[in-house]
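Colleague: Could you take me through one small part of this model up close? I'm new to this, so plain words would be great.

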Amino acid sequence: MNSFNTAERATPSGESTRSAAAQMVTWQGYDVPRLEQVRFLLSERKLRASGRLVTAGPAEQFSGSFEVSVGETGAVKRLLLRTATVSEERQISVSRSPEGIWLVDSGQGAERADFDGAVDVDVQFAVLFNAIPIRRLNLQQEEGDHEIPVVYVTLPDLSVQLVRQRYRTVSVGEDRAVVSFTHGEFEQDITVDRTGLVVDYPRIAYRI
């Protein structure tokens, strides 16, 4: 995984200042023994993160690790995802060009797609990825209602498909916001902080 270091930069006055330091958050699953831990850097709509997801449920046990990079506009630039089960390991790379062309490479040659103009990626069970469209659309700070195309990756098999998801602001408070999330027939209100990161995702995971 990439390491993130605090970097110095020059202001217009020529003074040196430090960019945002790396942070780490951990989420715990509600009904399934699952932990997700992510180390990340935030800047406006940009996001760079590396994380790990471990599921130890009775029906299925697997681990996953990922690295994701989101650009200044809030659009995903690249996702690298690896999973491991008792029987196999898998890896996939999903990247988006400035022209909006997606390349999906699972080790047997990259496939091109436009995914209906999608600029967001969602990874099953990993709540970090809900922050990407929320931050891009600034739903944690102002009201909005958007149905968007999303590149969706399932775990642990790493299949990729185009889905449509809806994000709608329910309420905005001083340090918390509630955003309604819809994926197919599934709908849930997610509580996020002022940066758009999930605090509580009922039935799925909560921050510890």
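**A close look at Arg90**

Modeller: Let's start with who Arg90 meets. If you skip its neighbours within four places in sequence, Arg90 is in contact with Leu81, Arg82, Thr83, Pro156, Asp157 and Leu158. Keep in mind that this is a predicted model. As for its place, Arg90 sits in strand S8, which covers residues 89-96.

Is Arg90 buried or exposed? Neither label fits: its relative accessibility is 35%, and buried would need under 20% while exposed would need over 50%, so Arg90 counts as partly exposed.

Now for the side chain. Arg90 and Glu88 have their side chains joined by a polar contact of 2.9 Å. Asp157, already on the contact list, turns up again here: its backbone oxygen is 3.4 Å from a polar atom of the Arg90 side chain. You can also check a spacing yourself: from C-alpha to C-alpha, Arg90 and Ser106 are 7.9 Å apart in space, with their positions 16 residues apart in sequence.

For contrast, have a look at Gln165 in strand S13, residues 160-172. Gln165 has a relative accessible area of 1%, and the limit for buried is under 20%, so Gln165 is buried. Its side chain makes polar contacts too: one with the side chain of Asp122 at 3.0 Å, and one with the side chain of His183 at 2.9 Å. Residues up to four places away in sequence aside, Gln165 also touches others, including His146, Tyr152 and Phe181.

Methods
Residues numbered from 1 in each chain as written. Predicted model: local features only at pLDDT ≥ 70, side-chain atom pairs only at ≥ 80, totals over all residues. Heavy atoms only, no water. Helix = DSSP H or I, 4+ residues; strand = E, 2+ residues; numbered from the N terminus. Buried < 20%, exposed > 50% of the residue type's maximum accessible area, 1.4 Å probe, protein only. Polar contact = N/O pair within 3.5 Å; in protein donor to acceptor, adjacent residues only side chain to side chain. Contact = heavy atoms within 4.5 Å.
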